[in-house]
Structures are given as C-alpha cells and as structure tokens.
Amino acid sequence: YPGNPCHFMKPGHGCTIYHNRPEDPCKVYHCEYIVNEDIPEWFKPDKINAIITKRKINDIEYLEVIEAGSRLDVRVLNWLMTYCFNKERNAVYKIDGGPNYIGTTEFIAAYKEAYNK
C-alpha cells in the first residue's frame, strides 16, 4: 500500500518473493529516484522515508511524494519545492495523509477534482 513498507521486504535480504512477485505493482512500478538523474543520491527512499513516483492526471505530469515510515523531513520538502520551481514541475506531497500541491493552477485544479471529492 502506498506509504507503507512491503511486508515481503526483509532487512538484509530484500524481496522474499522476487522470482514470483506480482506484475502490478512490483514489475511495472518505476521508482522516480532510480529513473530521474536530477534526484540526488541522498534522496534514496530508505534514507528519506518517502517514495517518489511520477504520475499523470489529465495528461499533466507530476511527482507524488508519499511518507513511508515517518513525517517528511524539512530537507526533503525544501529540495522538492526548489526542484519543482526551478524545473517548472508539478508535485503533490502528503503529510499525515493530507495533500499539499506545487505547480500550475491547471494541475492543482485537476488533482483536486479527481481526488478531493
């Protein structure tokens, strides 16, 4: 479930069902930390206790940052905001389950319409 560690992950062993893992989400999921070269090394999900995923809504791309184990650190939020403003990216980050938005008015309106009904 988003924001929660997978119960098949064991410290020091990794995925205990790797060879039999399901297609979705395990095989089709792409962690933005791995595929986006702009994201710094210190942003590794297990170091920041958050997961970053590229998503799309109404053909508008955005980054979704979800807490995973603890509240988002101010360093993480500062990097995310700076990155989004400098690269003109949209993002949603959730703290205690509540969404916060960075980006264009079109993106924010589309996100709110889809998820805040």
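**Helix H5, the E5–E6 hairpin and two cores**

In this predicted model, helix H5 (residues 105–115) has three buried residues to start with: Phe-107, Ala-110 and Tyr-111. Buried means under 20% relative accessible area, exposed over 50%, with a 1.4 Å probe and protein chains only. Helices are DSSP runs of H or I, at least four residues; strands are E runs of at least two, numbered from the N terminus. Why do the buried residues lie on the same side of H5? Because they cover an arc of only 100 degrees around the axis, taken from the directions from the helix axis to the C-beta atoms. The face turned away carries exposed Thr-105 and Glu-113.

What does the buried side pack against? Strands E3 (50–57) and E4 (60–67), plus E5 and E6. Contact here is heavy atoms within 4.5 Å.

Next, the hairpin. E5 (residues 91–95) and E6 (residues 98–102) pair antiparallel over five bridges; pairing needs at least two DSSP bridges. Ala-91 sits opposite Ile-102. Two residues separate the strands, and Asp-96 in the turn has a positive phi of about 55 degrees.

Now the cores. A nonpolar core is a set of buried Ala, Val, Leu, Ile, Met, Phe, Trp, Tyr and Cys residues joined through side-chain atoms within 4.5 Å. The largest has 19 residues; Phe-43, Val-65, Leu-72, Leu-80 and Tyr-93 touch the most other members. H4 gives the most, six residues. Apart from this core lies another of seven, including Val-92 and Phe-107.

On method: residues are numbered from 1 along each chain as its sequence is written. Local features need pLDDT of at least 70 and side-chain atom pairs 80 or more, while totals for chains, interfaces and linings use all residues, and side-chain values use heavy atoms, without hydrogens or water.
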